[in-house]
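Me: Please take a close look at one part of this protein and work outward from there. Plain wording is enough, and explain the terms as they come up.

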Amino acid sequence: MTSRNGLLLLSLDGGGARSFSQLVIMKELMTRLKVQKYPNNPEKIMLPCEEFDMIGGSDTGGLLAIMFTRLKMSVDEAMDEFAVIVNEVYKRQFPEPSKRSMALRACLERMLKSRGLYLDSKLEDSQQGDRCVGFSLVLSSIELRHKVCLRSYRSRRGSPFNITVIDAMLATCASSPAFAPLTCIVGPEEHTYVGAGLGANNPSSELISEAHALYGGESKVACLLSLGAGHPGVISMNDRARANTIHHDILSDGEMLAQELQIRMKDAGVYFRLSVGQGLRKNESTEVDDVNWITTQAEGYLKDHETDTTISSCAGILSDRHGWIVLDKLSYTGAPKPVYKAAPLRAQHYVRRKGPWKNLDTMIQRGAGQKVIIMAGMTGCGKTQLVTEVLHEYNPEHNNRFSHTFFVDGSSESSIKSDLISYVQLITGKDGSRINFEDTMNFFQNPINKRWLIVYDNVDDLGIDLRPLLPLCEHGVIIVTTRNQLLRKLASENCYLGLDVMLEEEAVELILKCAEKHNPSKEEQHEASLIAEKLGYLPIALTQAGCFISNEACSCSQYLNLLSDHLTKLMEEPSGDRQNRSAYAAFDLTYRRLPHTIQDFLHLLSFFHFANFPVASISIAVSQSFATNPFLFEDHGASYELAIQLLQHIFHSEEEWSDLSSMEIVRVLRKHSLASITSTPLTQLVRIHPLMREWAFDRIPSHQRAIFQEAACRVFISCIDAKHLYQYLPQHIQAIMSRLSTESVHDNNLTAFGKILRIAEQLRMAQDIWRPIVRRLQDRHSPNHLYVATAKLELAATYDDSQLIQMEELEREVIRVRIALLGPTHLETLRALYEVSGTLSRQERYKEAQGVCEEILRQLHLQVPPSHPFVIEVRGLLASLYGSDDQLSRAEEIQRQILDEQISRLGRGHLDTLEAMRSLAATYHELGRHTEALKLQLEAFEGRKRQLGENNPDTLAVMEWLALTYHELGSHKEAERLRIKILAERKAQLGMWHSDTFAAMDWLALTYQAQSRWSDAQRLRLQQLEGRRAQLGEDHPDTLLAMSNLAVVYSFHARHNDALPLQRDVLTKRIKLEGENSVEVATCMHNLAWTYYDLGLYTDSKQLAMKAERICRVHLGTKDPGYKRTVELITKIDACLQGPIAHRTHRFRERLRRILRIR
């Protein structure tokens, strides 16, 4: 807006019913102004909106400001309406604040209707133009220091509001304790406001700031009229006074600011203050809510000579409208006195977090130049405490690193500016009339003032643009604490600190400190550790726990038991220390700032596991309209449609879903540090704090929990064909089923979960689902019903190798039912036959399995084209069966055909094509055509790595084959590089004790042995043996194999005396487990015979070798390589028995062959 001359500004204090006195004063002023300005028009109706340019108010003054500006009332009209409000709202007694608020709403609705306005009319007036504008001042209930101007106009000081007139009037009057806070939707978010009567009762300073922002600093002001609602009298302590009443009076006293402004602006000539000086004091009358009595007191005030003179002077200036002072100068003149704001106190039981402290201290000390350090983390993780420790450590009184350190309240733009200005005023000795924010920035940017540190604490308001609020220079240190992870873009190089939860030892120390356990026993330390784990190591929750233990004089063990049953109550209980906070209250604070869709998304997340929620599942579910149902064994429950509506509300709230929509959800979560995000080639993974997960669930109304559970089911069931996400789904499915109860999950959902878990190879979990499903379906239908047959087939698929006979029986039972009901050639019947062929293969009944597959293919060729996925699936199994039956040429032929068809149909990069490459490469490997295998394996590996990521289980499987091929080709360094990666990933994904991890360790050890790196191989073999012993015991076959492998390494390292006792022990235990005639026993005899041979014990060596030869001849035949090696060993022993051998040629090569045979 262009500069204006002669601006007339009106400020209206709050005062409840006493604001009627302001209307009496305004009526007198408007009467005198009409005489001066309109002498020839005595019938002129005087409207304040035609005489003033901007009107701002606080509390009931804000209500009057809206009446004058947005509703364009005359003073008389406002008096009539306000008198009704006083009588029906302020004079009456109400049992609770919400009832008084309801009475006020009724009055306001009646008022709008009488003026022909809709009840949902907005406060912002789109037709405002250059006419009078107004605002009401309120406070955010989240942060009472945060003042909010509800405007009838648009301003560059803040985003536009879409608040209604009624909500704005209710908010400005919502002063505690008489009224309830006002919660309403403003923009995309829900906000809760309270009246500004306590702490900001006089809005004059905000009026100046608003005018400056709207009209510009060059605009000239003719008059700033401030109307009070009566002097509160002398505020003093006496025997009858209550502390809270005195505190209320001090906060709501607008006269203190008025007097200060009067002094500061005495030379400006534009400031007028009018307020009934006597009579309206609360301690002088009990009639302060009576309109007639207030009128009498105000009329008496108007008769005062000084008042009369002030009103006449003011009316004259309003009539002349000649600007005297520019808003720039008025802004400085009206600045408040500097107030020193100390940093928060350190927590009573503060525990220094060594890692974060070291990182932060390093950032502060690192190099020259300005450093902007961004510290982001979830609420309650200890950000403020950490920077408080920084301010204490670098206090200039005992540390000369900085000349000044400052703590700034970062909750709003105004608080940041106010704090920085106050600090500079205190340092320079300049008062508010001589400094503004630009001057403040110049002070910090001046090279003379280099050694300063500023902490901007809790910069969580997403509407704050922080960049112009930071000194722009080459010196100084700035630390910003925030929940908004996206602020990291403001950080200097290597100056971003993501603050997470505490380490276990720190968490235990904090709990015990708060619990005042100064000499804790080991048992107490262990119990504190369990409490810390249960609370997710979150500092605010740990403090609550320790303080509760101290306050209630209970033990850590008792608290742990309470935590299991009463988590919500314990986490809502304030800690009782100086900070007096609670984890759930902190979460609630963040929750109220979130859009409704994100609030519901948090509720949805509470049904999943807290870690590794795949964001890609949302897009897949949206694309399926959340309606995928692989099994429909019964009608959907009542929650089904409601759950889909809920999901559509969350993910389709405004526009069509896209990848940008997913990114926006992640962006909001990061802005509030509600989650940590990990990116993979497949999807982003969301992790929320376990305690926040419990809080989010607890905040779901009980009658809606079943709907949210159904919605959670809908998301993952829609991903049933997304095999690339299967590695993430099992833990979430388990969480969904356990959140309420398995019985609460609909059978259609359970069966879908059973199928996902089975495909994800979580067979035990899948079996636990399908067994009761089969029983329920049999009870509901006949045993020969198709539903029962389908469920039985799924149940059979969950059996492992120890249950193959039962698996085959179930599958053949299903085949009989499907033949009877569908016919022998129906695709569902053929599908059951296919499952049987797979079971036969696992029993090594390859010929039978081949016959079944060949019959299936004959039937399929009559019904579907050769490119049908089921046809390709059956042919792939048939090729595998040929390979297992040593018909490698036939297997190769089929696999080459499948690969060509997949390339033609899907392209070379499709995952199904890459799987066909892997299968063909495996056959090439068995044929000894390693170079051809390598080419296909490299393409399959690169394709899967590109699409699934290098750490995906399917990619790792191809990597294992690739490493084996490199090994066979003698490229041991390449094999080693891959196997080191595989082992690291197996440990990370599966843990140290998983069988796949041991297998990866075994392969890497073999690679070291092939390179004669015996020390490296020995290290791995020892780890294997120790792990197997700890996990399985001394006599388990896998433990014995690990002992045997370690002995081989000792033997090749010429440590025969170390190998000998291991091999003897292994042989003894193998004979005890399996008898003397098994192939495994023969292998142990062979290995021990070699050690005897190396030690020169030829007689003992031959005795064992002869036994091994006999067993191998019987079980393996004379053509087996193992048999031939044993015969070769006997020949060598005989040669040694016939005479000494000076040199054993080619010993290394023989040993290497033995290693590979043992594997």
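The reply starts with one strand, moves to what lies around it, and then turns to other places and to the whole chain.

Reply: The model is predicted, so to speak of a local feature takes a pLDDT of at least 70 and a side-chain atom pair counts only at pLDDT 80 or more, while totals for chains, interfaces and linings use all residues. Residues are numbered from 1 along each chain as its sequence is written, and side-chain values use heavy atoms, without hydrogens and water.

The part to look at is strand 13, residues 477-482. Helices (H or I, at least four residues) and strands (E, at least two) are DSSP runs, numbered from the N terminus. Strand 13 is mostly covered, with six of its six residues buried. Buried means under 20% relative accessible area, exposed means over 50%, and partly exposed lies in between (1.4 Å probe, protein chains only). Val477, Ile479 and Thr481 point one way from strand 13. Ile478, Val480 and Thr482 point the other way, and the residues of both sets are buried.

Next come the partners of the strand. Two strands pair if DSSP finds at least two bridges between them. Strand 10 (residues 371-376) pairs with strand 13 in the parallel sense over six bridges. In that pairing, Val372 stands opposite Ile478 of strand 13. Strand 12 (residues 452-457) also runs parallel to strand 13, and four bridges join them. Here Tyr456 has Val480 of strand 13 as its bridge partner. Ile478 and Val480, which face these partner residues in the pairing, are on one list of strand 13 residues that point the same way.

Strand 13 also appears in the surroundings of helix 14, residues 383-393. Nine of the 11 residues of helix 14 are buried, so the helix is mostly covered. Among the buried ones are Leu386, Val387, Val390 and Leu391, as well as Lys383 and Glu389, whose side chains carry a charge by the counting used here (Lys and Arg positive, Asp and Glu negative; His and the chain ends not counted). What covers the buried residues of helix 14 includes strands 10, 12 and 13, together with helix 13 (354-365), strand 11 (404-409) and strand 14 (496-498).

For contrast, look at a sheet with another kind of pairing. Three strands form an open sheet in the order 15-17-16, and the pairing is antiparallel. Strand 15 (613-614) and strand 16 (676-679) stand at the edges with a single partner strand each, so one side of each has no neighbour in the sheet. Strand 15 is joined to strand 17 (residues 684-687) by two bridges, and Phe613 stands opposite Val686 of strand 17.

Two single residues show another covered setting. Leu137 lies in strand 3 (residues 133-140) and is buried, with a relative accessible area of 0%. Leaving aside its neighbours within four places in sequence, Leu137 is in contact (heavy atoms within 4.5 Å) with residues that include Gly57, Val148, Thr172, Ala200 and Glu206. His925 is found in helix 38 (residues 911-926) and counts as buried at 8% relative accessibility. Its contacts, with neighbours within four places left aside, include Trp961, Leu964 and Glu968.

Some loop residues are exposed instead. Most residues other than glycine have a negative phi. Ala553 has a positive phi of about 55° although it is not a glycine; it sits in the loop between helix 19 (539-551) and helix 20 (556-565) and counts as exposed at 71% relative accessibility. Glu761 has a phi near 65°, also positive. Its place is the loop between helix 30 (747-759) and helix 31 (763-780), and it counts as exposed at 66% relative accessibility.

Last, the whole chain. The protein has 49 helices and 17 strands, and 53% of its 1159 residues count as buried. Of the contacts with a separation of 6 or more, 71% join residues 24 or more positions apart. Along its principal axes the C-alpha trace spans about 140 × 75 × 60 Å. Leu137 and Ala984, 847 residues apart along the chain, have C-alpha atoms separated by 60 Å.
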